[in-house]
Amino acid sequence: MFLCLDGEQHYIGLKMVNSLFEEHGWETKYFGPSLPLEYALKTAKDWKPSVIGLSVSIVYHLPKLKEYAEAFAKLTHKPAVLLGGRLAGKYDLLPYCSDHTVILKDLPETKEWLQNNEAGGQQNAIF
């Protein structure tokens, strides 16, 4: 499940990452731009993905990022939370993330993460 924060319309990179996960054998759900947190949480609770991925490209959406990251960190099945997008390579986003968020600055870092985390049992992804 790959999603942009509510209000985010920049989804091309997100779509590329979704395709990359599929190429590596992951079952994905691609939600694209502007998914409200309540819908993302419902899907995460129902589907119980191994990974939740977020994309953020607009600076004024950073407070929303903190809200999403904290909500996903509280999920009982403890998925990995990945963060990407235009801002990931330009700013220190740690203050807007939970302790469990992995920031991936570009596609090469995403590929490296995939190579290190492929395998048995990893069947569902949200990004």
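# A guided tour from K78 to the largest pocket

Begin by selecting K78, which sits in the loop that joins helix 3 to strand 4. The model in the viewer is a predicted one, and the angles and distances given along the way are computed from it. K78 is not a glycine, yet its phi is positive, near 50°. With a relative accessibility of 57%, K78 counts as exposed, because the cut-off for that class is over 50%.

Next, select K48, where a second positive phi can be examined. K48 belongs to the loop between helix 2 and strand 3, and it comes just after helix 2. Its phi is near 55°, again a positive value in a residue other than glycine. The relative accessible area of K48 is 47%, and the residue is therefore classed as partly exposed.

From K48, step back into helix 2, which spans residues 37–47, and display its side chains. Which residues of this helix are buried? They are L37, A40, L41, T43, A44 and W47. If the view is turned so that one looks down the axis of helix 2, these buried residues fall within an arc of 165°, so they line one face of the helix. Rotate to the other side of helix 2, and the exposed residues E38, K42 and D46 come into view. The spacing behind such a pattern is a general one: an α-helix has 3.6 residues a turn, so residues three or four places apart point the same way.

Keep K42 and D46 selected, since these two residues form a salt bridge in which the closest N and O atoms are 2.7 Å apart. The partners are four residues apart in helix 2, which means that about one helical turn separates them. D46, for its part, has a relative accessibility of 55% and counts as exposed.

How many salt bridges does the model hold? The count comes to two, and the other stop of this kind is in helix 3, residues 62–73. Select E70 and K66 there, whose side chains meet in a salt bridge with an N to O distance of 3.3 Å. E70 and K66 are likewise four residues apart, and so about one helical turn lies between them. E70, at 36% relative accessibility, counts as partly exposed, and K66, with a relative accessible area of 33%, is partly exposed as well.

Now move to helix 4, residues 107–117, and colour its buried residues, which are T110, W113 and L114. These cover an arc of only 100° around the axis, which puts them on the same side of helix 4. On the other side of the helix, P108, Q115 and N116 are exposed. To see what the buried residues of helix 4 pack against, add helix 1 (12–23), strand 3 (51–55), strand 4 (80–84) and strand 5 (101–103) to the selection. Before leaving helix 4, look at its start, where a side-chain oxygen of D106 reaches to within 2.9 Å of the backbone nitrogen of E109.

The next selection is H24, in the loop between helix 1 and strand 2 (27–35). Is H24 buried, exposed or partly exposed? At 25% relative accessibility, H24 counts as partly exposed. When residues up to four places away in sequence are set aside, H24 touches L114 and E118, and L114 is one of the buried residues of helix 4 already coloured. The side chain of H24 also reaches the backbone oxygen of L20, at a distance of 2.9 Å. For a sense of how the chain returns to this region, draw a line between the C-alpha atoms of H24 and E112, which are 88 residues apart along the chain but separated in space by 12 Å.

The last stop is the largest pocket, whose volume is about 210 Å³. Select G13, L14, V17, G84 and G85 to find it, for these residues are the closest to its centre among the 17 that line it. Which elements supply at least two residues each to the lining? Helix 1, strand 3 and helix 4 each do so, and helix 1 gives the most, with four residues. Helix 1 and strand 3 can be kept on display from the helix 4 stop, as both are among the elements against which the buried residues of helix 4 pack.

Definitions and conventions:
Residues are numbered from 1 along each chain as its sequence is written. This is a predicted model: local features need pLDDT of at least 70, side-chain atom pairs count only at pLDDT 80 or more; totals for chains, interfaces and linings use all residues. Side-chain values use heavy atoms; hydrogens and water are left out. Buried means under 20% relative accessible area, exposed over 50%, partly exposed in between (1.4 Å probe, protein chains only). The arc is that of the directions from the helix axis to the C-beta atoms. Contact means heavy atoms within 4.5 Å. A polar contact is a pair of N or O atoms within 3.5 Å; within protein, one must be able to donate a hydrogen and the other to accept it, and residues adjacent in sequence count only if both atoms are side-chain atoms. A salt bridge is a side-chain nitrogen of Lys or Arg within 4 Å of a carboxyl oxygen of Asp or Glu. On a 1 Å grid over the protein atoms alone, a cavity is a set of points where a 1.4 Å probe fits but cannot get out, and a pocket is an open set with protein on both sides within 12 Å along at least five of seven lines; lining residues have an atom within 4 Å of a point. Grid points are joined across faces, edges and corners, and a volume is the space filled by probe spheres set on the points.
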